[in-house]
Protein chains: 2
Amino acid sequence: MYGLNGRILRVNLTDGRTSVETFSEEEARKYIGGKGLAINLLWRELKPGIDPLGSENKLVFALGPINAAGIPGDVRFLVAGKSPLTGIWGEANCSGWFADGLKKSGYDVLVVEGASESPVYIWIKDDDVEVKDAEHLWGKWSAETESLIREEVGYRDAAVVAEGPGAENLVRYAAVTHTAHRAAGRTGLGAVMGSKKLKAIAAKGSMSIEVADPDKVNELRREIVAQSFVNDMTNTLRDHGQAGFVPDLQNDGILPTRNFRSGVFEGADKISGQAMSETILTKGEACPRCPVACKRVVEVKEGPFAPVLPEYGGPEYENVASLGSLLGIERLDAICRMNMLCNAYSLDTISTGNCIAFAMECYEKGILTGEDTDGLELTWGNAEAAVRMVEKIALREGFGDMLAEGVRRAAQRIGRGSERFAVEVKGLEIPMHEPRGKKGLGLMYAVSNRGGCHMQSMHDPDIESPNMAPEIGVETALHRLDTSREKVLAMKKTSDWTAAINSLGLCSNIYWWGAVHYRPVNLVEILNAVTGWDYTVEEFMTAGERINTFCRAFNVREGITRKDDTLPPRFMEPLEGGPTEGQLITEEELDSMLNDYYEICGWDVETGVPTKERLEELGLGFVKLQ
Amino acid sequence: MYGLNGRILRVNLTDGRTSVETFSEEEARKYIGGKGLAINLLWRELKPGIDPLGSENKLVFALGPINAAGIPGDVRFLVAGKSPLTGIWGEANCSGWFADGLKKSGYDVLVVEGASESPVYIWIKDDDVEVKDAEHLWGKWSAETESLIREEVGYRDAAVVAEGPGAENLVRYAAVTHTAHRAAGRTGLGAVMGSKKLKAIAAKGSMSIEVADPDKVNELRREIVAQSFVNDMTNTLRDHGQAGFVPDLQNDGILPTRNFRSGVFEGADKISGQAMSETILTKGEACPRCPVACKRVVEVKEGPFAPVLPEYGGPEYENVASLGSLLGIERLDAICRMNMLCNAYSLDTISTGNCIAFAMECYEKGILTGEDTDGLELTWGNAEAAVRMVEKIALREGFGDMLAEGVRRAAQRIGRGSERFAVEVKGLEIPMHEPRGKKGLGLMYAVSNRGGCHMQSMHDPDIESPNMAPEIGVETALHRLDTSREKVLAMKKTSDWTAAINSLGLCSNIYWWGAVHYRPVNLVEILNAVTGWDYTVEEFMTAGERINTFCRAFNVREGITRKDDTLPPRFMEPLEGGPTEGQLITEEELDSMLNDYYEICGWDVETGVPTKERLEELGLGFVKLQ
């Protein structure tokens with residue numbers, strides 16, 4: 001088999017035993033890799049209703065055929081398990097060196113099961129896999145942990161996933177942290193590591209990955225690299241990182257501000273990637289083989305928010321928004337300090353910011369007072385208080401313990417009408433994309449398999465002037481405020497190919513935001529060159545649909561139905577200020593989009609459950625939902 | 001002034017004094033930079049007839065406006081002085097970090113004059129310039145010297161030019177060595193360093209270089225990077241280094257073999273860049289800001305020619321040919337060992353290989369015997385003997401002392417008809433390009449200002465299907481064996497723009513061989529974006545002609561006339577074997593090309609001396625040649 005190794009490494013932390021299984025090329029082809037392999041495994045191995053933080057949960061690291069194949073962006077790995085934050089399908093993705101380490105050791109999938117009694121880490125060096133003591137690392141920040149482990153294993157270039165104390169303390173949105181400034185951030189899979197007393201995983205492999213057509217792969221690599229230098233989106237990423245898009249979002253009035261009340265922020269210019277480039281940026285950083293280098297490294301040596309240490313990188317777009325505009329904070333040094341703390345403690349920045357924004361709005365409304373917040377004055381723009389809250393969440397100290405549960409549970413406990421200000425779907429805090437200005441994304445928030453998520457489809461502006469009509473089945477231009485059936489079809493189709501991207505192992509910054517080569521027809525070209533398969537675009541789109549439907553089935557088994565496919569109250573209120581002022585998503589709009597969506601998916605429209613027929617058409621006949 | 005600093009740093013080694021002078025933007029614009037500034041300075045400051053190895057000679061390091069400006073390939077610096085090998089205009093170019101170090105310290109030109117009594121090195125850190133003791137470094141190889149100096153000055157990233165013992169021993173073709181595997185190789189300027197007891201120069205600057213139009217420079221950078229990934233030539237350079245062109249030259253029958261007797265080598269496949277990639281290559285290496293990474297790093301740990309140490313890089317095209325096919329040697333490990341020794345001792349590889357090839361042919365013909373060669377059996381393909389000869393040359397040991405004088409002087413001393421086998425022009429050993437298969441290059445060998453040189457013009461195949469007609473004034477395709485006036489015109493024009501490239505500070509691999517953006521119209525676009533000038537293509541070509549004519553005037557002042565513009569006997573004999581078999585350059589062809597050349601240049605056809613009128617037209621009226 002080219003591209004994939006066909007091997008699964010299983011590590012049981014209860015008894016410390018490791019084993020290797022194989023899977024067939026037929027199975028690989030059916031599920032592509034990554035996300036597809038992960039859902040197929042977790043569906044079969046996880047019993048419904050288990051506690052995500054109990055030893056029955058499993059954590060899967062899954063790679064796709066493109067990982068380490070020599071294509072820019074072939075570095076993204078997927079982590080999956082049952083989410084402690086949402087109780088349903090949990091998934092997060094991260095770029096960096098870890099995919100190389102695992103794949104070049106000969107594995108496509110790592111399954112961590114059981115739980116250790118005392119802290120451990122896993123060290124994977126080709127065929128040698130060890131569970132090692134981590135008692136001396138417990139309590140340490142992510143960067144220090146990573147660096148000590150590299151020293152212990154004796155490879156300066158070992159790839160390490162290393163958790164900070166937020167994961168140990170089971171913060172429900174703890175991230176899986178890699179290189180101390182990359183994260184598989186969402187859905188709290190870092191807490192699953194914490195619950196298993198798994199402090200870190202280190203990997204270093206010495207195999208080289210064989211591809212079916214090396215000349216073609218080389219040619220594609222070159223084309224993609226060349227395109228990345230003449231493409232406006234990748235050039236913005238290269239110059240200013242993801243936060244380089246802040247001015248565009250501000251201009252469109254869709255920069256989430258003050259807990260999503262507004263889409264324009266008066267301090268936008270001060271928190272943009274452009275501002276970062278001019279002030280505290282020390283360098284851009286690239287993942288292996290990447291010509292874009294969108295990662296930021298910043299340093300703050302002076303002032304009230306110093307130090308911000310370069311080993312913790314710098315904020316991306318989600319971070320400057322969730323820790324900046326969403327809190328009314330316009331001090332870049334404070335944002336970077338919070339970003340650093342989230343990375344050091346292993347907290348998801350989006351959920352962290354969203355929880356603090358919720359608390360600030362409750363504070364403004366008098367639902368919370370200084371008595372609830374340990375005396376912290378949680379007013380909009382109070383950077384000192386926000387920085388303090390990050391630490392309190394990570395350490396579950398005082399009011400931090402409440403917010404460490406996530407915004408849905410916090411609102412349920414606080415009550416007193418605070419639920420109105422909890423901006424989440426299925427328990428996952430909404431990320432920094434305003435659906436009232438991109439209504440197709442609103443639908444996606446409602447139906448996405450991991451809850452309120454912006455990474456499960458293209459966004460509306462991407463399909464405003466579609467150049468990919470054959471793949472999305474839509475011939476006409478679709479406005480970002482459009483909610484027609486055509487729009488629903490387009491969103492659904494792009495969500496299928498996003499599932500496929502997440503199964504390939506490709507970076508979303510390059511292949512999606514960056515708009516280099518991201519059409520399915522191009523992805524299929526890459527896939528076939530690497531694997532030697534003869535995938536068609538249709539087959540590729542069907543594989544994406546299979547994977548999405550399979551994840552939906554996982555959620556249905558956990559109790560999810562149409563009633564859960566909804567939006568928070570905030571998005572049904574008019575947006576305040578700016579060019580998108582007054583927009584909202586009505587119940588009727590959402591209902592109409594949902595009806596169309598289920599119909600197009602071939603699901604039962606009343607319940608939102610995939611029909612037996614559609615499951616069979618997709619090769620998932622073995623999935624029984626009734 | 002943008003691009004250039006307008007400052008000259010002068011260091012006198014006799015008294016250890018340093019000073020700084022400025023030059024005007026008007027002067028910069030007239031001479032562009034680099035080569036233009038160097039000839040203007042050396043014409044005025046060097047007395048005719050001086051000993052190149054005496055204290056009256058000066059060594060100039062000159063940068064152009066593009067150096068360190070942020071464009072790929074903006075790293076090439078020029079070294080100039082009176083050549084100890086040829087007694088005329090000496091010039092060599094080298095890429096790497098040194099241009100950055102000098103320019104970011106605030107200087108465009110470094111002039112080293114006088115001579116020290118004991119070994120010294122120069123340390124340039126912005127405004128602080130010191131002449132430091134180097135007694136403890138004398139005798140050491142280049143890499144060790146460089147690394148000790150970096151430690152002494154306390155900057156791991158200081159850029160260092162460091163000489164090996166070949167320069168100390170005044171080998172007449174000693175190279176100026178940088179990073180231990182880059183070299184301003186030709187015309188023996190390393191021996192000028194040796195004669196001044198100057199072991200090394202280290203530089204580290206902290207200024208940033210301001211360009212006139214940063215957005216335009218950024219845009220050009222991106223276009224060039226993108227082009228470099230979809231251009232066949234740069235892709236070959238990236239994958240296999242310069243030696244990746246060996247198969248092409250072999251196919252055309254112009255791979256110099258056995259002292260230029262043949263243009264096909266039966267071992268070509270074994271010495272190609274492709275063979276290197278498959279065997280001993282450990283990595284490609286890039287100069288700052290370069291997307292191509294054509295430099296090779298190889299390692300040999302076993303066998304009779306081990307060790308080949310990675311700090312000495314790996315062979316480029318000129319090296320695999322001059323130390324391989326030219327000697328009938330097909331062992332890549334032996335070639336790499338010789339390449340390493342040349343780098344360690346600071347010897348020009350082309351001259352070294354050419355001298356050994358000369359000796360091998362003399363040995364074959366019985367002109368030399370074991371008695372002359374200290375018992376070494378200098379037969380074709382004897383790799384052990386060739387490796388030994390490199391060391392003997394560097395140390396001027398026995399017969400090595402003879403070859404250390406260069407092939408012209410060696411033949412003169414040996415006599416006995418050996419002159420027939422000395423393949424040089426004006427004392428400079430011919431590089432690895434067969435002029436009988438590219439006759440325009442034959443003309444250039446005859447007239448080039450630094451003697452037999454392949455770097456003073458495009459080569460005939462470049463203009464076989466010209467896409468740059470406006471610049472070269474030729475509308476029709478010109479075959480590489482053509483010797484018409486049209487061909488002469490084309491060669492002359494390309495030599496003007498090569499002089500201009502060498503004044504800009506741009507890498508020839510990218511902008512010439514690599515064929516990215518190398519037309520004058522593109523170079524002018526870069527130049528204007530960096531400097532804010534409004535150069536036209538015509539003005540740019542005129543500047544190139546001005547610089548070439550100025551260098552010719554320098555040579556005329558040293559006694560050069562038409563009689564010296566000739567070719568070695570070898571090229572007037574038919575080439576043996578392969579697709580170019582039987583080709584030669586006749587006296588008549590050369591005479592006819594010379595007549596056309598002088599006429600086109602506006603020089604006196606009888607003497608080859610630039611006329612007063614042409615000098616005046618070019619703004620060189622102050623140059624008096626009669």
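What rotation superposes chain B on chain A? Keep in mind as you look that this is a predicted model. Turning chain B by 180°, with 0.0 Å of shift along the axis, lays it over chain A with an RMSD of 0.0 Å. That is how a two-fold axis relates two copies. To find the axis in chain B, look for Ala226(B): its C-alpha is the nearest to the axis, at 1.9 Å.

Now turn to the place where the chains touch. Of the interface residues of chain B, 100% are also interface residues in chain A, so the two copies meet through the same surface.

Next, let's follow two helices in chain B. Helix α7(B) covers residues 214–230, and helix α8(B) covers residues 232–240. Their axes lie 5 Å apart and make an angle of about 75°, which means that α7(B) is roughly perpendicular to α8(B). On the α7(B) side, the contact is made by Gln227(B), Ser228(B), Phe229(B) and Val230(B). They meet Asp232(B), Thr234(B), Asn235(B) and Arg238(B) of α8(B). Sorted by character, the residues of this contact are two nonpolar, four polar and two charged.

Finally, have a look at the cysteines. How many disulfides does the structure hold? Over all chains, there are zero. Two cysteines of chain A help to show why. A disulfide needs two cysteine sulfur atoms within 2.5 Å. For Cys290(A), the closest cysteine sulfur belongs to Cys507(A) and is 6.3 Å away, so it is too far for a bond. For Cys355(A), the closest one is in Cys342(A), and at 11 Å that is also too far. Cys355(A) is buried as well, with 0% relative accessibility.

Terms used: Residues are numbered from 1 along each chain as its sequence is written. Chains are lettered from A and ligands numbered from 1 in the order in which they are written. This is a predicted model: local features need pLDDT of at least 70, side-chain atom pairs count only at pLDDT 80 or more; totals for chains, interfaces and linings use all residues. Side-chain values use heavy atoms; hydrogens and water are left out. Buried means under 20% relative accessible area, exposed over 50%, partly exposed in between (1.4 Å probe, protein chains only). Axes are lines fitted to C-alpha atoms, for helices over the stretch in contact, and angles run from 0 to 180 degrees between N-to-C directions. Helices (H or I, at least four residues) and strands (E, at least two) are DSSP runs, numbered from the N terminus. Angles under 35 degrees count as roughly parallel, over 145 as roughly antiparallel, 65 to 115 as roughly perpendicular and the rest as oblique. Contact means heavy atoms within 4.5 Å. Ala, Val, Leu, Ile, Met, Phe, Trp, Tyr, Cys and Pro count as nonpolar, Asp, Glu, Lys and Arg as charged, and the others, Gly among them, as polar. Copies are superposed by least squares on the C-alpha atoms of residues with pLDDT of at least 70 in both.
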